[in-house]
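Here are a few short exercises to work through with the model open in your viewer. Try each task before you read its solution.

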Amino acid sequence: MTGPLVPFREFVLKVHSRCDLACDHCYVYEHADQSWLTRPKVISDEAISWTARRLAEHATTHALPSVTVILHGGEPLLAGPARLRRVCEELGSALNGIAELDLRIHTNGVQLSPRYLDLFDEFHVRVGISLDGDRAANDRHRRYADGRSSHPMVLRAVGLLREERYRHLDLGLLCTVDVRNDPVAVHDALAALEPPLVDFLLPHATWDDPPHRPDGSPTAYADWLLTVFDRWAGQGRPMPVRMFSSVLSTLGGGPSLTESLGLAPTDLVVIETDGTLEQVDSLKSAYEGAAATGFDVFRNTLDEVAAHPGVRARQLGLAGVGDACRRCPLVRSCGGGLYTHRYRSDDGAGGGFDNPSVYCADLTALIRGIEERTAAATESPALRSPEALLAAHQDLTRTLLAVLHDTLDGRGGTLWDDGWRLAAAVEADPAGADALDAVLAHPYTRPWLVEALEDVDAGRGLPEAAAERLAATVAAAAVRAGLDLPVPVAYRDGSLHLPTLGTVLLGGPAERGTAVVHPAGDGGFLVRGAEAAPRAEHRIAYDEPEGPHWLPARTLRRAPAPALPLDDLDPFRDRYEAPATGRLDAAEADAWARRIADAWALLADAVPDQAAEAARTLTALTPLSAGAAEPGRHGPGALGIGPAADADALARAILGGARRAKLRALGEVTDLYALDGTWEHRTPWGSDHVPFSRLLTETFERAGLGLYDPRFLTGVPEAIDMIENAAEVTVDGKQLIAAVRKEISGTRSAAGKSPHRALPPSGPSPETPASDRKVTVE
């Protein structure tokens, strides 16, 4: 077994090994392993003490912030209040000052009374109750040995937990599925009790002892659960359902929320009433001794159990499932199913646990069914339009700003506090709020926010440049809105940069200080020194051309292309692989603008839809000293452009860079692939061992380039097939790749006929010489 040892964080402690019910589906008493017959009925004082010692030892070794202990059986309430008190006291005392103790108890509820609940309230023990639905469903299995119904007593227990004094102890309901029960009646009976959580459990079964299927349907359990899902969704999801939440989480790229689904490593161990340490209890359904480790709390550490081959086999993630499961695109969601449900004896068909789940067809139908029912509702609006993508990033930027301020908690210093106060004043004015949005939307806002958060979180404090940038942002918003609001702004290197507006030159390259920016009534603004010996006042008109004290932000304008912003001023623009240039002089800017215009003309002619989308989303084009074109580590809309050789090469570079910038922007506001998207793939164009993230990025970029030059489409359809069938892709990722498939559908036949569309070797078309096109830099 490979990979690091995974410490245990959850412990099932058997405090009593007998039960007061005779449920005929119980894995402890009715399945293959009958070791309960040899266990003491109740846990001893010695076993309790050694258990507490081992937990404290394990938590200390691995610096665990918390551990969860589930009191179990049999029926744990049969241990009695005195014995349960002893357990709670010993565990709490041993872990005090080491790790937080999360105590829980799972019970059939028939013994539950205020006497127990008062004890649980004292030790913060939360209570989960087993209930299979309405009376007809519950009495199918959960009866006393003499055949009496347990349903009234369980409802009484649930009623106690719903009382205000005990409601905080309610952990929820566990319901074992039986497809002979009415799924709607079961759902409604459980929902009527207003539980904080419902956990549906598939009955334990193996390939040797398969689940009951009354009509022989291979998807009977999925059909039953999807009927429950439809009822649950139709009623507004009245309570959380762990199984459904887990599937929805993994479909969206998140983690599994239950051991029975997903690839998360197991971190659970069972401690029997005699102190024996065993693997997960459900293994008792497989064969006699399947859960055994040979260890106990008296002689062995929990690390020894964690290193046991049987435990390690359930900690390997993707490597821990069989070949068929590893090739299945649903493996992230189902994880091969519960480990126990994969068991088959060695009959020549694949013995052991290296098999798909006996519920494989059900899990497939369930996950597909939930995906089909929720894909449209859960798809991110950012996938549908550039405007929605920009809006999502606006929300993200504002959230980052608020998080930074909250994290500082008054430790930002005078400059930050003054900037925050003035930002609130700007925000209070409708025109000011719109102007502040416009400034915050600039892609070079994101770097200083992210870098400041990283510094504050690391204990390095707020960077001075971040406080200065906040004040400059507020000043720029006040100027744009024409508010009568003076804003003090620190400057350095003799220049004061106002994002989206330009840079005011106040002195020599080594000079720094504070100036006050005050909007003027004519649409411009005043800049006055704020020191004891203030400098002369500078009055800047909003449309003032470049001069000795003012470097305006510039915009490339040429028909038929829309306005394209050029940013060679922003202090935070240098976040590309290639260095950004300095301020371009007039001749350099004109030459750079002509190159962009010529390349854009090619894009507008060859891929007008993609060119139009890029034009709507590109908000900062920054000249780079090397390379072709690349998205920076910024918000959406930033693109660095280097000295590409000719218009054709530059057109491809712009298109490819814009595609990468869009994908990066999408990835920041929605999950296109799962967090474990580092599984390796071979691309159709020959790259070995690349993570899914790179496969998606290269496919998305190549598809866009293939619309301009069909040679880039080589391998793209195959890559799309790979992505659609990959386990890592999420619902949003599937929607994105479906849009790419549709996007290239009209180009594949052309790609087969000609290695390249009819394009001039470089530059604009012969009919429209570049010299005849008007290019303006403002």
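## Exercise 1: an acidic side chain

In this predicted model, the side chain of Asp170 reaches the backbone nitrogen of Gly172 at 3.1 Å. Find the element that holds Asp170, and decide what its charge is paired with, if anything.

**Solution.** Start with the location: Asp170 belongs to strand E5, residues 170–176. Next, look at the surroundings: Asp170 is buried and has no salt bridge. The nearest side chain of opposite charge is Arg167, 6.3 Å away. A salt bridge needs a nitrogen–oxygen pair within 4 Å, so Arg167 at 6.3 Å does not form one with Asp170.

## Exercise 2: backbone angles

Locate Ala63 and Asp493, and work out whether each is buried or exposed.

**Solution.** Begin with Ala63, which sits in the loop between helix H2 (45–61) and E2. Its phi is positive, about 50°, although Ala63 is not a glycine. Ala63 has a relative accessible area of 63% and is exposed. Now turn to Asp493, in the loop between strand E10 (487–491) and strand E11 (495–498). Asp493 also is not a glycine, yet has a positive phi of about 55°. With a relative accessible area of 52%, Asp493 is exposed.

## Exercise 3: a pocket

Describe the second largest pocket: what is its volume, and which residues lie closest to its centre?

**Solution.** The second largest pocket holds about 980 Å³ of space. Of its 40 lining residues, His442, Arg480, Thr500, Thr555 and Pro565 are closest to the centre. By type, the lining divides into 21 nonpolar, 10 polar and 9 charged residues. H15 gives the largest share, 4 residues.

Key: Residues numbered from 1 in each chain as written. Predicted model: local features only at pLDDT ≥ 70, side-chain atom pairs only at ≥ 80, totals over all residues. Heavy atoms only, no water. 1 Å grid on protein atoms, 1.4 Å probe; cavity = no way out; pocket = protein on both sides within 12 Å on 5 of 7 lines; lining within 4 Å. Points joined across faces, edges and corners; volume = space filled by probe spheres on them. Helix = DSSP H or I, 4+ residues; strand = E, 2+ residues; numbered from the N terminus. Nonpolar A, V, L, I, M, F, W, Y, C, P; charged D, E, K, R; others polar. Buried < 20%, exposed > 50% of the residue type's maximum accessible area, 1.4 Å probe, protein only. Lys, Arg positive; Asp, Glu negative; His and termini not counted. Polar contact = N/O pair within 3.5 Å; in protein donor to acceptor, adjacent residues only side chain to side chain.
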